[in-house]
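Me: I am new to this structure and would like to go through it by question and answer. Please show it before we begin.

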Amino acid sequence: MSTDRKLNPVNLPAGIEAEYTPGGALILDGKLCAKLLREEVRLEAQHLTDVVGRSPGLAVIQVGEDPASSIYVNNKKRACEAANIRSFSYHLSEDATLKDVLDLIESINNTPEVDGILVQLPLPKHISEQLVINAIDPGKDVDCFHPLNVAALFGRNQKFLPCTPAGVMEILRRYRIDVAGKKALVIGRSNIVGKPMALLLLAANATVTVAHSKTVDLSSACRNADIVVVAAGQPGLVGADDFNERAVVIDVGINRVGRKVVGDVDFKSVADKVAAITPVPGGVGPMTIAMLLRNTLTAFKEHNDL
Ligand code: NDP
């Protein structure tokens, strides 16, 4: 590999070392970043629990029996416990009505021990996700999905950051990858990942392009970018020919292919070409839960004027 593409980040924070793929790309180890962040949250939560006299609390609501949702909910519960955050679980049956869910949210909105509320998506088809999200107290909306918190992303005074895009920014920050002035491409324009990702990159002074399924010549947009965040849910959407050698590639995709979980980027070929890349699994995924814990701690501090 040519040495000029090798990224040698300086002043890496304690606990992070530069490691490279055999092809020479800096591995952006989201699992490690998440571990460090969770430990920071754990220590602060412990300290503030002593100050306030109660621990931060996160309520997780699940409706129905979707097996993947059950795994995610359990992971969140475990992550809370390990981070000195009390978890409150609410599980409604598949045939719960919209009113059942809204009543539950209203009661949790008024529970002082709960600082954050998360509704595990997707909900059963007969329940409007938007109406449910709208019912969450914006001060407890740690997923950052409530319209008021989404609107706050357009300014600079947001309380909460959307977990997955904020996780991406945190990986870049910890690996000292400067975003300002860079050409960033976001592939995907969903409300949960693509659009808020573009806003965070813009707020960090990148010049941002957003691509989607109707984009003509995705490959050349990709080759022209310094930072590419791929969040399309299409395994193998982009490969080595789609990137330049200086590219920093962040793969948000989580796709099950047979028994394997893969991203949207053809990791093997791309890692031989670009300057830095997140693996899947072990990249952005672990950061999403870590940011959720951090948002819960932020809400706790707000609720206690800390
Ligand atoms: P959505 O399905 O809501 O959005 C996918 C986006 O990708 C759409 O904007 C779509 O364009 C675009 N897209 C689809 N195909 C193409 C294509 N061929 N070329 C260009 N753009 C395309 O997915 P999400 O945003 O919710 O999630 C994206 C991926 O990220 C999924 O794999 C998901 O599992 C993963 N994910 C990972 C998380 C994590 O923690 N790491 C968290 C959340 C999601 P259009 O709008 O035109 O349809």
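**Ligand, cores and loops**

Reply: In this predicted model, a nitrogen atom of the ligand lies 3.4 Å from a polar backbone atom of H212.

Me: Which residue has a polar side-chain atom 2.6 Å from an oxygen atom of the ligand?

Reply: Two side chains come into view here. An oxygen atom of the ligand is 2.7 Å from an N or O atom in the side chain of T288. The distance of 2.6 Å belongs to a polar side-chain atom of S213.

Me: How much of the ligand's accessible area does the protein cover?

Reply: On its own the ligand has 930 Å² of accessible area. Of this area, the share covered by the protein is 69%.

Me: How many residues surround the ligand?

Reply: The closest ones are R189, S190, S213, I254 and T288. S213 and T288 also have the side-chain atoms at 2.6 Å and 2.7 Å from ligand oxygen atoms. The number of surrounding residues is 20.

Me: How far apart are the C-alpha centres of the two domains?

Reply: The chain is divided into domain 1 (54-137) and domain 2 (175-285). Their C-alpha centres are separated by 30 Å.

Me: Which helix gives the most residues to the largest nonpolar core?

Reply: The largest nonpolar core holds 55 residues, and those with the most contacts inside it are L28, L172, L201 and I250. The helix that gives the most to this core spans residues 284-303 and supplies 10 residues, and it is helix 10.

Me: From which domains does this core draw at least three residues each?

Reply: L28 is among the residues with the most contacts inside this core. Not counting residues up to four places away in sequence, L28 touches several residues, including I171, Y175, V248 and I250. The domains that each give the core at least three residues are domain 1 (54-137) and domain 2 (175-285).

Me: How many residues does the second core have?

Reply: This core is separate, and its members include I187, A211, V265 and V270. Its number of residues is 18.

Me: Which peptide bond has an omega of about -5 degrees?

Reply: A cis peptide bond runs from L121 to P122, with omega near 0 degrees. P122 is in the loop between strand 4 (116-119) and helix 4 (129-135). P281 sits in another stretch, the loop between strand 11 (276-277) and helix 10. The cis bond with omega of about -5 degrees joins V280 and P281.

Me: Is R176 buried, partly exposed or exposed?

Reply: R176 is not a glycine, yet its phi is positive, near 55 degrees. R176 lies in the loop between helix 6 (163-174) and strand 5 (183-187). Its relative accessible area is 39%, so R176 is partly exposed.

Me: What is the relative accessible area of D217?

Reply: D217 also has a positive phi, about 60 degrees, although it is not a glycine. D217 is placed in the loop between strand 6 (207-211) and helix 8 (218-223). D217 is partly exposed, and its relative accessible area is 44%.

Me: How far apart in space are V150 and K182?

Reply: V150 belongs to helix 5 (residues 147-152) and is partly exposed, at 34% relative accessible area. Leaving aside neighbours within four places in sequence, V150 is in contact with C144 and F145. V150 and K182 are 32 residues apart in sequence, and their C-alpha to C-alpha distance is 24 Å.

Methods. Residues numbered from 1 in each chain as written. Predicted model: local features only at pLDDT ≥ 70, side-chain atom pairs only at ≥ 80, totals over all residues. Heavy atoms only, no water. Core = buried A, V, L, I, M, F, W, Y, C linked by side-chain atoms within 4.5 Å. Buried < 20%, exposed > 50% of the residue type's maximum accessible area, 1.4 Å probe, protein only. Helix = DSSP H or I, 4+ residues; strand = E, 2+ residues; numbered from the N terminus. Domains from an automatic or database assignment. Contact = heavy atoms within 4.5 Å. Near = heavy atom within 4 Å. Polar contact = N/O pair within 3.5 Å; in protein donor to acceptor, adjacent residues only side chain to side chain. Areas by Shrake-Rupley, 256 points an atom, 1.4 Å probe, with all protein chains shown as cover.
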